[in-house]
Amino acid sequence: MGSSGQVSWKLEDHPILPKGKTVALIVLDGWGEYKPDEYNCIHVAPTPTMDSLKQGAPEKWRLIKAHGNAVGLPTEDDMGNSEVGHNALGAGRIFAQGAKLVDLALASGKIYEGEGFKYISECFEKGTLHLIGLLSDGGVHSRLDQLQLLLKGASERGAKRIRVHILTDGRDVLDGSSVGFVETLENDLAKLRDGGVDARIASGGGRMYVTMDRYENDWDVVKRGWDAQVLGEAPHKFTNAVEAVKKLRENANDQYLPPFVIVDENEKAVGPIVDGDAVVTFNFRADRMVMLAKALEYQDFDKFDRVRVPKIRYAGMLQYDGELKLPNHYLVSPPEIDRTSGEYLVRNGVRTFACSETVKFGHVTFFWNGNRSGYFNPELEEYVEIPSDVGITFNVQPKMKALEIGEKARDAILSRKFDQVRVNIPNGDMVGHTGDIQATVVACKAADEAVKIIIDAIEQVGGIYVVTADHGNAEDMVKRNKSGQPLFDKNGNLQILTSHTCQPVPIAIGGPGLAPGVRFRNDVPNGGLANVAATVMNLHGYVAPNDYEPTLIEVVKN
Ligand SMILES: O=C(O)[C@@H](CO)OP(=O)(O)O
Ligand SMILES: [Mn+2]
Ligand SMILES: [Mn+2]
C-alpha cells in the first residue's frame, strides 16, 4: 500500500464514540516515569496538573513504552528519541527505523550495491571521500560502529583518500566521552593508513554549535560547519584531533565545542571539500542533517554565503526528507512511513492545528506525519511555529516558549475552528539535555503550567485531552549502576545524564467530552507510543485501520 493511489482513506465510524469533539493532543518532550528521588526533576518540580492526571490511574492514566523495539529501534537497550517517538505516535505502527535499516544494509553488504554508494564511488579514483556526522555510540542520530563499517567498506571498494569531519556529542552520551570516541576513530584511521589508505580526521566541532541545528533555528550553526568542513577554515587549528578535543573541552562541553580544523605542518587544512570529491553525511536521523543537506545540494541557496560551492557527489546515509527528496542520493532507503493518522484524519475532514516552538516544530509536523514536510490539506490544517530563542543553552531560559505554546493551543481550541489541537512542549527534554538539574526543575514546572492552560480550554469547550510524552529525559538526570544507585566519576563528581532514557512515559485521557465508560483497557499491557494513534482516532469517532497497533481504550457500559 505504498502509493496513496490504492489506499482507501475512508475511516470506519466508531460504533459508540461520537465525532466532533475537540481533542487536544499534548506531547511532553522528554517526560518519563521514574522513581521519585532528588535526580528526578519531574518529581522535584511542582507539577500539580500532571500529578492530578495520575490520580486517574489505571482507567484514565497509564504508562506506555517509548524505547527499543516499541519504537522500531534495534535493541531494548536503545533509548527513545523524538524522531522515532513522534513517528510511532503519528503513524500508529512500528517501523524499522533508520538505525536498524542501516545495520541491516551494512551487515548484508547491500549498502554497497545501492545507487547511492555507486554514485559516490565514481569519485574514489580521483577525489576524496568525506564523511560528516555525529561521533558517538548514542544511536539517536548515528552510531560509531556504523561509521567504522562504512570506513572499512568504502576503503575496500576503492576509496583511497578519506577525510572524516566529526561532530562531538555529549547529548546522547556522557559529556566528556568524545575524547574516547575520537581516540577510537584515530586508531581505525591509523589502521587504514597502514593498509595504504590516506585516511584522517579533517575537522570537528560540538553538535549544538557546529552543523547540527534543526528546523532552521540558527543557520550560523551550519555556516560554522561549512567553513570548517568545506572551506577548511576555523578559529582553532590543531594537528591532532584528540588534542583538539581535549584542549577545547577546557572551555566548553562536548555538545558546544567550537569548530576546529586539522592542519599539516604548514598550517594548511588537511581536508577541505573540493571539486571532484564525494561527501556522505553518515547520520541516519533526519532533522539535524536537513540544513547541511540543503547547503550541500541546493544550487539556489541564500541562507549564508557559502563562498565556494564545490562540485561534489553527495549522498546521505538516508534520504532525510521524502517530500523534498533531500538529498537526492542516499545509501539506505528510509523507512516508508505511510498512511499516518494525521493524513487519515485530515482526509476524513478532521481540522487540525499543530504547534510548537522552532526547536520542536518539526516533531509535531514533520516527524508526526512520517518525515514529510508540508500540509496534507491546507484548507483543513494550520501549523504554527513559535520562534525559539537562538544562540543560548536552554538552562538559561528553562521556561522556553511553553506558555506561549499553551496559549496558542488554547486560542486554537477556543476558536472552535479545529477538531484536533496538537502540541509539543519541549522543556523537559531541551533543558534536561543541558544536564542542569535546577534549571530542569524549572522547566518541568513550566511544562506543567502549559498543560494546565490547554486542559482548561478543553474544559471550556467540552472537549477531550490526551497527554503523553515521546520518551524519557527529565525524570532521571544521573547515570546509575544496575541497582539504580547514582554513579560518581573518579573525582567524586556525580555523573550527570544529559541523554534520554529507556523509561516508559505516561498517557492520560480526560475532559468533559470523553464519553461515559471510556477507559484504558487492561489487555494491552505492553502498549507503546504506536498504540496512541488508534486511541486518538477513536476519540475523534473513528476506528483505526486494521493494521494499526490496537487502541488503548475501551468503552464499558455503566
Ligand atoms: O536533540 C536531539 O537531537 C535529540 C537528542 O540527540 O533529542 P530529541 O530526540 O528529543 O529531539
Ligand atoms: Mn523528544
Ligand atoms: Mn531530546
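1. How are the donor residues of the manganese ion (ligand 2) spaced in sequence? The pattern is D-x52-S-x387-D-H, and the donors themselves are Asp29 (OD), Ser82 (OG), Asp470 (OD) and His471 (NE2), at 1.9 to 2.1 Å from the ion; donors here are N, O and S atoms within 2.8 Å of the metal (3.2 Å for Na, K and Ca), and sites may look incomplete, since water is not among the atoms.

2. Some conventions apply throughout. This is a predicted model, in which local features need pLDDT of at least 70 and side-chain atom pairs count only at pLDDT 80 or more, while totals for chains, interfaces and linings use all residues. Residues are numbered from 1 along each chain as its sequence is written, chains are lettered from A and ligands numbered from 1 in the order in which they are written, and side-chain values use heavy atoms, with hydrogens and water left out.

3. Within this site, Ser82 in helix H3 (residues 82-91) and His471, in the loop between strand E15 (464-469) and strand E16 (505-510), are 389 residues apart and link distant parts of the chain; helices (H or I, at least four residues) and strands (E, at least two) are DSSP runs numbered from the N terminus. Ser82 counts as buried because its relative accessibility is 2%, and His471 is buried with a relative accessible area of 0%, where buried means under 20%, exposed over 50% and partly exposed in between (1.4 Å probe, protein chains only).

4. The manganese ion (ligand 3) lies 4.3 Å from the manganese ion (ligand 2). Its coordination comes from Asp429 (OD), Asp429 (OD), His433 (NE2) and His500 (NE2), at 2.1 to 2.4 Å, with the sequence spacing D-x3-H-x66-H. Both Asp429 and His433 are buried.

5. Turning to the sheet, seven strands form an open, mixed arrangement in the order E3-E16-E15-E2-E14-E12-E13, two strands being paired if DSSP finds at least two bridges between them. Strand E3 (61-64) and strand E13 (381-386) are the edges, each pairing on one side only. Strand E12 (residues 352-357) runs parallel to E13 and is joined to it by six bridges, with Ala354 standing opposite Tyr383 in E13.

6. As to the interior, the largest nonpolar core has 83 residues, of which Leu129, Met317 and Leu331 touch the most other members; such a core is a set of buried Ala, Val, Leu, Ile, Met, Phe, Trp, Tyr and Cys residues joined through side-chain atoms within 4.5 Å. Another core, of 69 residues, lies apart from it and includes Ala88, Ala508, Val536 and Leu552.
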